[in-house]
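Biologist: I should be grateful for a close look at a single part of this predicted model, namely the largest cavity. Please describe its lining and then follow the structure outward from there.

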Amino acid sequence: MTMYATSLAKRVMPLLVSLIAILALFVIIPVCAAYMTAEAEPMKRGILQLLPPSARMRAARIITDLDHVVGGFIRGQLLVACIVGTLVTLLLLGLHVPYAVLIGVFAGVVDVIPYVGAVAGWLPAFFIAYTTNGIENALAVSVGIVVINQLEGHIIVPNVVSRTVALTPLGIMLALLLAGAILGLPGLLIAVPAAGAVRVLVINF
């Protein structure tokens, strides 16, 4: 019995740690973003005062460009989430799944988590479709959500986010692959703004 409990704990603990990390990101990122937004101008002035006068103009331009990249990424992610949520809602309405709007909103919210969000958005849609309309309806929902996720990954995200952060679709895909391979889930979350920031620095220097 003790060996079984130990084995179960070893399997469950990594999942719990991952869930806690994801929840922490959702708490920490909005708090940090709100703080940085409120303190953006004082921070900018403080940084510029530390630099010699001859370098302040270029530094101000770089800070402004970085601010546009980060802000553009956030706007792009919100737009993608709205598009995905709308598509999921329309899909579920067309298949007569109860709570279509609520599930669509949930799918849009969790869509900001790469890969995990797609599964989290699919689960309630599948189970509600299965319990109310049967397995055929649930399978149709699953196929529809897979199609939406493929459209998101190959068309929506590369085109929408590339415009907001001034990166090519290929550049975004390469950034996601590289950061995901090196840092895992956190890498996927920061890949695009980090790539945009690198582009700004390369252009200016």
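**The lining of the largest cavity**

Modeller: In this predicted model, three helices, α3 (53-94), α5 (116-133) and α6 (135-165), each contribute at least two residues to the lining of the largest cavity. Helix α5 gives the largest share, four residues. By their numbers, Gly117, Ala118, Gly121 and Trp122 fall within α5. Val84 and Val88 lie in α3, while Ile145 and Asn149 lie in α6. Ala107 and Asp111 also line the cavity.

The enclosed space amounts to about 70 Å³, and the count of cavities of 30 Å³ or more is one. In chemical terms, the lining comprises six nonpolar residues, three polar residues and one charged residue. The charged residue is Asp111, whereas Gly117, Gly121 and Asn149 are the polar ones.

Trp122 leads from the cavity lining to the aromatic residues, since Trp122 forms one cluster with Phe126, Phe127 and Tyr130. The whole structure contains three aromatic pairs. One of them joins Phe126 and Phe127: their ring centres lie 5.5 Å apart and their planes meet at 85°, so this pair is edge-to-face, the angle being over 60 degrees. In another, Phe126 and Tyr130, the centres are 6.3 Å apart and the planes are at 0°; the pair is therefore stacked, as the angle is under 30 degrees. Phe126 and Tyr130 are four residues apart in helix α5, which means that about one helical turn separates them.

The members of these two pairs can also be described by their accessibility. Phe126 has a relative accessible area of 15% and is therefore buried, the limit being under 20%. Phe127, at 46%, counts as partly exposed, and Tyr130, at 43%, is partly exposed as well.

For comparison, one open site may be set beside the cavity. The second largest pocket holds about 170 Å³ of space, and the helices giving two or more residues to its lining are α7 (169-183) and α8 (185-204). Among the lining residues are Leu174, Leu178 and Ile182, together with Ile190, Ala194 and Val198. By class, this pocket has eleven nonpolar residues, one polar residue and no charged residues; the polar residue is Gly187. The lining of the largest cavity, by contrast, includes one charged residue.

Definitions and conventions. Residues are numbered from 1 along each chain as its sequence is written. This is a predicted model: local features need pLDDT of at least 70, side-chain atom pairs count only at pLDDT 80 or more; totals for chains, interfaces and linings use all residues. Side-chain values use heavy atoms; hydrogens and water are left out. On a 1 Å grid over the protein atoms alone, a cavity is a set of points where a 1.4 Å probe fits but cannot get out, and a pocket is an open set with protein on both sides within 12 Å along at least five of seven lines; lining residues have an atom within 4 Å of a point. Grid points are joined across faces, edges and corners, and a volume is the space filled by probe spheres set on the points. Rings of Phe, Tyr and Trp (its six-membered ring) pair if their centres lie within 6.5 Å; planes under 30 degrees apart count as stacked, over 60 as edge-to-face and the rest as tilted. Buried means under 20% relative accessible area, exposed over 50%, partly exposed in between (1.4 Å probe, protein chains only).
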